[in-house]
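Okay, thanks everyone for squeezing in. I'll put the model up, and then we'll talk through a sheet and some salt bridges.

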Amino acid sequence: MLQPQDLICFRHCGNTIFVRETVSICPLCSDPLSSNLESPPLTLSCPFVRASQYPAAIVLRPSSGDFLCSFQNQHNLHIAVTSVEGDIVEYDIDGLTKQSGKNNRAWDQCLLIAQVPEGWYDRWDEVLAAETVRDLVWTKDAYHEQSHNCYSFVLSFLRSLEYNDFSDCCHDKLLFSEKFIVPKTKTAAKYITIHRKLQTCPYWIEKQV
């Protein structure tokens, strides 16, 4: 799995240019960046995080593979939550599981969808514990790829949590996706595109629309 890193963006000689490392010379015209630099270099922050480092959070990753190397738009996404201790609690074809985030490499490159403030940690873990003992609801046999899946578990948990930021959309998968997931995946898509371009070339020029 590739380790994510921030990218650098600057405008020079009429172009928006992305690079991985700080440069002193424009890769297009070979002039020093100090000459005719149209705007200061900006950082395009990597959107991917290690789930175990974000307690009491909602996290998202590809159902298989990872974002940087293998993800395509038609691939499915898998959503889960972390406990206050950073454990990963997820529901899939294996039923409901809770694993140490530190030992779960599958969640080393994911999107942080949302995280509650520290004052909500006790409530978060209390509701999460209650949700995970609903034995007949989150079993392996009850799992259905379309109608009873990872999103079902997360939304059920959020409804029980009753945290204001989620309350207006946790009853509807589409509303939840539009408010919380789509903005994150759009940012990720741009980063992935530029990252992959920079795998084969030391710089990438953003086309002007």
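**The sheet and its salt bridges**

So, this is a predicted model. Start with the open sheet: 4 strands, in the order β3-β1-β2-β10, paired antiparallel. The edges belong to β3, residues 37–44, and β10, residues 203–206; each has a single partner strand, so one side of each has no neighbour in the sheet. On average, neighbouring strands here are turned by 25° against each other, if you ignore direction.

Now look inside the sheet. β1 covers residues 7–12 and β2 covers 15–19, and the two pair antiparallel over 5 bridges. If you want one contact to click on, F10 has I17 in β2 as its bridge partner.

Okay, salt bridges. How many does the count come to? It's 8. Take R11 and E38, whose side chains meet at 3.1 Å, N to O. R11 sits in β1 and E38 in β3, so this pair ties together parts 27 residues apart in sequence. R11 is partly exposed at 25% relative accessible area, and E38 is partly exposed too, at 42%.

R134 and E131 make another one, at 2.7 Å, N to O. Is E131 buried or exposed? Buried: its relative accessibility is 2%, and the cut-off for buried is under 20%. R134, on the other hand, is partly exposed at 37%.

Back to the edge strand β10: E206 meets K190 in a salt bridge at 3.8 Å, N to O. K190 is in helix α4, residues 173–197, and E206 is in β10, so the pair links parts 16 residues apart in sequence.

And last, R50, R105 and D108 are joined into one network by salt bridges that share partners.

Note on methods. Residues numbered from 1 in each chain as written. Predicted model: local features only at pLDDT ≥ 70, side-chain atom pairs only at ≥ 80, totals over all residues. Heavy atoms only, no water. Pairing = 2+ DSSP bridges. Axes fitted to C-alpha atoms, helices over the stretch in contact; angles between N-to-C directions. Salt bridge = Lys/Arg side-chain N within 4 Å of Asp/Glu carboxyl O. Buried < 20%, exposed > 50% of the residue type's maximum accessible area, 1.4 Å probe, protein only.
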